[in-house]
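Work through the exercises below with the sequence and the model at hand, and try each task before you read its solution.

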Amino acid sequence: FVVCIKIVSRESLLHMNRELMDISIIIINYMTYERTLGAIKSVVKHTEGLNYEIILVDNASQNQDACRLDEYLADGNYPVILIKNEKNVGFGRGNNMAVEKSSGKYLVFFNSDCELTENTFKKCFDFMEKDNSIGAIGPRLITPDGNLDSGCKRGFPTPSASFWYFIGMHRFSRNPRFDRYKLFHLDEFKMAEVDAISGAFLFTSRKIFDDSGGFDSQFFMYGEDLDLCRSIRLLGYRILYNPEMGNVVHYRGESGKHRKFKTVFNFYEAMILFYNKHYKRKGNILVTAAVYSAVGVMFIMKSLAGIFRIRKK
C-alpha cells in the first residue's frame with residue numbers, strides 16, 4: 001500500500017548514525033494536518049539529550065494533508081521520514097509499517113493529537129534504561145483544560161470489569177473490585193503498575209515490541225493498545241503509568257472527527273475483537289451472548305445519539 005517513502009531533512013539524518021538512534025517517534029496522520037504539525041513541533045521543542053527520528057505515516061488522508069506535510073517538512077528543519085499510504089490501513093498496521101522503517105533502540109507511539117510540555121521522551125528513556133523489568137511506560141495524559149485523560153491508565157476489559165464500569169459502579173465505589181476498567185481508584189499523581197496504557201503515548205523498546213509480535217492489524221482503530229500491552233505482560237514485563245514522566249496534552253479524537261460513524265463502529269468492533277481473542281474461549285455461551293448483546297445495544301444507542309445531534313444542527 002506504500003506509494004512513496006521520502007526522507008525529509010536528509011542532511012540531519014545523514015549526519016546521524018541511524019544504527020545508534022536512541023528513539024524512533026512514530027506518528028500516524030489522518031486528516032489532522034494542524035495537530036500533526038503541533039505534535040512534531042512539540043517534539044523538536046522539548047526533546048533534548050537524545051538522538052531521535054520521527055517516522056510520520058499519512059494514512060491516505062482524503063484531503064491534501066500528505067502534500068501539505070511534504071511541502072512543510074521539505075525545508076529540512078525536522079528529522080522526519082514521511083511514509084504515504086494509498087489506503088487507510090488503520091492505526092495498528094500503520095504503526096507496524098513505521099517500525100519496519102525505524103532504527104531506534106526505543107519506540108514511541110505518539111498520537112498526532114498529542115503535544116509534549118517537557119522533555120518526556122528523555123525521562124522515559126532514562127527510566128527504562130535503569131529497569132529492564134519494564135515493558136512499556138506511559139506519562140500522565142491530560143486534556144487541553146488540564147484534567148486527566150483516564151485512558152492513560154487502564155485495566156483489561158474483562159467481562160466483569162466491563163459490566164461494573166458500564167452500569168456506573170465506579171461512580172459510587174473506588175473499591176478495586178468494581179474499578180478495574182478505568183482504575184479511577186489509583187492516584188493520578190503516583191506511579192502504578194497497570195494492565196495497559198494508552199496508544200496515544202506508549203514508550204517501549206524495539207526488542208520488546210518485536211518479541212510481542214507488534215500491533216495486531218485486525219484492530220483497525222481502538223483496542224490495539226490494550227492488546228499490545230497484554231502481549232507485553234504475557235512476556236513477563238511490567239506496564240507502568242508514571243506521571244513523573246510529565247504531562248502530555250491529548251486533544252483526543254481528532255482523526256475520528258472525519259469518519260464519525262466509522263469511528264463509532266470501530267470502537268465497538270474492537271470490544272468484540274478483544275473479547276473474542278482473549279476471553280471467549282474461557283467463558284460460556286451465556287456470557288458471550290450477554291457481551292455481544294451489550295455491545296450491540298451500546299453501538300445502536302451511540303449511533304442514534306449521533307444521528308439526533310446531526311439533525312439538531
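**Exercise 1: a charged pair between two loops**

R252 is partly exposed, with a relative accessible area of 47%, where buried stands for under 20%, exposed for over 50% and partly exposed for the range in between (1.4 Å probe, protein chains only). Which residue forms a salt bridge with R252, and which parts of the chain does the pair tie together?

*Solution.* The model is a predicted one, in which local features need pLDDT of at least 70 and side-chain atom pairs count only at pLDDT 80 or more, whereas totals for chains, interfaces and linings use all residues. Residues are numbered from 1 along each chain as its sequence is written, and side-chain values rest on heavy atoms, with hydrogens and water left out.

Step 1. The partner is D149, and the closest N and O atoms of the two side chains are 3.5 Å apart, which fits the rule for a salt bridge (a side-chain nitrogen of Lys or Arg within 4 Å of a carboxyl oxygen of Asp or Glu).

Step 2. R252 lies in the loop between β12 (247-250) and α9 (260-278), while D149 lies in the loop between β8 (140-142) and α6 (159-166), so the pair ties together parts that are 103 residues apart in sequence. Helices (H or I, at least four residues) and strands (E, at least two) are DSSP runs numbered from the N terminus.

Step 3. In contrast to the partly exposed R252, D149 is buried, because its relative accessible area is 3%.

**Exercise 2: further salt bridges**

How many salt bridges does the count come to, and where in the chain are K277 and D227?

*Solution.* Step 1. The count comes to 14 salt bridges.

Step 2. One of them joins K277 and D227, with the closest N and O atoms 3.0 Å apart. This pair links distant parts of the chain, since K277 is in helix α9 and D227 in helix α8 (residues 224-234), 50 residues apart.

Step 3. K277 counts as partly exposed at 29% relative accessibility, whereas D227, at 1%, counts as buried.

Step 4. Another salt bridge brings together the side chains of R180 and D195, at 3.1 Å from N to O. R180 lies in the loop between α6 and β9 (192-194) and D195 in the loop between β9 and β10 (201-205), so the pair ties together parts that are 15 residues apart in sequence.

Step 5. R180 is partly exposed, with a relative accessible area of 32%, and D195 counts as buried at 11%. Both residues also belong to a network of salt bridges that links R180, E193, D195 and R233.

**Exercise 3: the nonpolar core**

Which residues have the most contacts inside the largest nonpolar core, and which element gives the most to this core?

*Solution.* Step 1. The largest nonpolar core (buried Ala, Val, Leu, Ile, Met, Phe, Trp, Tyr and Cys residues joined through side-chain atoms within 4.5 Å) has 78 residues, and those with the most contacts inside it are I23, I25, F110, F121, F201 and F203.

Step 2. Helix α9 gives the most to this core, with seven residues.

Step 3. Leaving aside its neighbours within four places in sequence, F121 is in contact (heavy atoms within 4.5 Å) with residues including I23, I25, F110, F201 and F203.

**Exercise 4: aromatic rings**

How are the rings of F110 and F201 placed relative to each other, and is W164 buried or partly exposed?

*Solution.* Step 1. The whole structure holds 22 aromatic pairs, counted for rings of Phe, Tyr and Trp (its six-membered ring) with centres within 6.5 Å, where planes under 30 degrees apart are stacked, over 60 edge-to-face and the rest tilted.

Step 2. The rings of F110 and F201 have centres 5.9 Å apart and planes at 85°, so the pair is edge-to-face. The pair links distant parts of the chain, F110 in strand β5 (residues 106-110) and F201 in strand β10, 91 residues apart, and both residues are buried.

Step 3. W164 and F178 have ring centres 4.7 Å apart and planes at 75°, so this pair too is edge-to-face. W164 is in helix α6 and F178 in the loop between α6 and β9, 14 residues apart.

Step 4. W164 is partly exposed, with a relative accessible area of 21%, while F178 counts as buried at 18%.

Step 5. One aromatic cluster is formed by Y222, F265, F267, Y268 and F299.
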